Every structure is written in C-alpha cells, then in structure tokens.
Amino acid sequence: DDEPGLLSDVLKIIAAFGGNILTIHQSIPINGVASLSISIQILQNTTDVSKMIEEMENKKGVHHVKILAKE
C-alpha cells in the first residue's frame, strides 16, 4: 500500500537480516497501491532469507513478496 513509512519498515526488515540494498524501483501508486522492486545482495552474514521474505509478507500493507531472480 502507498502508506508513509511502509518502505522504511520493509528496508528495516532487510537490514535486520543482514541484506544489502542494491536498487529500489517503485511505480507511481495506482488506487493506493505501489509496485516495488528491490534488488538485495545476500552476504555471508545474511541470515534466513525465507524468514526475511515471510516477515516482509506479514507486514501490514505488503500484499505480495516474490523472488524474481537469484544469482
């Protein structure tokens, strides 16, 4: 959802798991919903990625989290 602070909350979750933000791309919100793509570098100290995704999906205002590619 297009809500003040929601992106910050998602970024805090990524930081808490030790992920490194590489890029953030956001569309213009339509009907109160913004599409967002975040590139995350998974480092040696990054903890459970599945749990990180689960926490992002459980965040109020987040509709869906999907891994688009892995390297």
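**Figure 1. Ile-13 touches Met-52, Glu-55 and Met-56, leaving aside residues up to four places away in sequence.** Contact means heavy atoms within 4.5 Å. The model is predicted: local features need pLDDT of at least 70 and side-chain atom pairs pLDDT 80 or more, while totals for chains, interfaces and linings use all residues. Residues are numbered from 1 along each chain as its sequence is written, and side-chain values use heavy atoms, with hydrogens and water left out. Ile-13 is part of helix α1; helices (H or I, at least four residues) and strands (E, at least two) are DSSP runs numbered from the N terminus. One of the contact partners, Met-56, is 43 residues away from Ile-13 along the chain, and the C-alpha atoms of the two are separated by 6.9 Å. The relative accessibility of Ile-13 is 11%, so the residue counts as buried. Buried means under 20% relative accessible area, exposed over 50%, and partly exposed in between (1.4 Å probe, protein chains only).

**Figure 2. Val-65 lies in the segment after α2.** With residues up to four places away in sequence left out, Val-65 touches Ile-53, Met-56 and Glu-57. Met-56 is thus found among the partners of Val-65 and also among those of Ile-13. Val-65 counts as buried, at 19% relative accessibility. The separation of Val-65 and Leu-6 is 59 residues in sequence and 14 Å in space, taken from C-alpha to C-alpha.

**Figure 3. Lys-59 and Asp-9 form a salt bridge.** A salt bridge is a side-chain nitrogen of Lys or Arg within 4 Å of a carboxyl oxygen of Asp or Glu. In this pair the closest N and O atoms are 3.3 Å apart. The bridge links distant parts of the chain, 50 residues apart: Asp-9 belongs to helix α1 (residues 6-16), and Lys-59 to the segment after α2 (49-58). Lys-59 is partly exposed, at a relative accessible area of 28%. Asp-9 is partly exposed as well, at 27%. The search of the whole structure finds 1 salt bridge.

**Figure 4. His-25 is located in strand β1.** Not counting residues up to four places away in sequence, His-25 touches Ser-35, Leu-36 and Ser-37. From C-alpha to C-alpha, His-25 and Ile-38 are 6.4 Å apart in space, with their positions 13 residues apart in sequence.

**Figure 5. Asn-31 sits in the loop between β1 (20-26) and β2 (36-41).** Its phi is near 55°, a positive value in a residue other than glycine. Most residues other than glycine have a negative phi. Asn-31 counts as exposed because its relative accessibility is 78%.

**Figure 6. Ser-50 is a residue of helix α2.** Ser-50 has a relative accessible area of 53% and is therefore exposed. Its C-alpha atom is separated by 13 Å from that of Lys-70, 20 residues apart along the chain.

**Figure 7. The protein chain holds 2 helices and 2 strands.** Their order from the N terminus on is α-β-β-α. The radius of gyration is 12 Å, close to the 11 Å that the globule rule gives for 71 residues, so the chain is as compact as a globular protein of that length. The radius is taken over C-alpha atoms, and the globule rule is 2.2 Å times the number of residues to the power 0.38. Along the principal axes, the C-alpha atoms fill a box of roughly 40 × 20 × 15 Å. Of the 71 residues, 20% count as buried. Among contacts with a separation of 6 or more, 49% are between residues 24 or more positions apart. The accessible surface is about 5,300 Å², and 52% of it belongs to carbon and sulfur atoms (Shrake-Rupley method, 1.4 Å probe). The chain has 6 positive and 9 negative charges, whose mean positions are 2 Å apart. Lys and Arg count as positive, Asp and Glu as negative, and His and the chain ends are not counted; the place of a charge is NZ of Lys, CZ of Arg, CG of Asp or CD of Glu.
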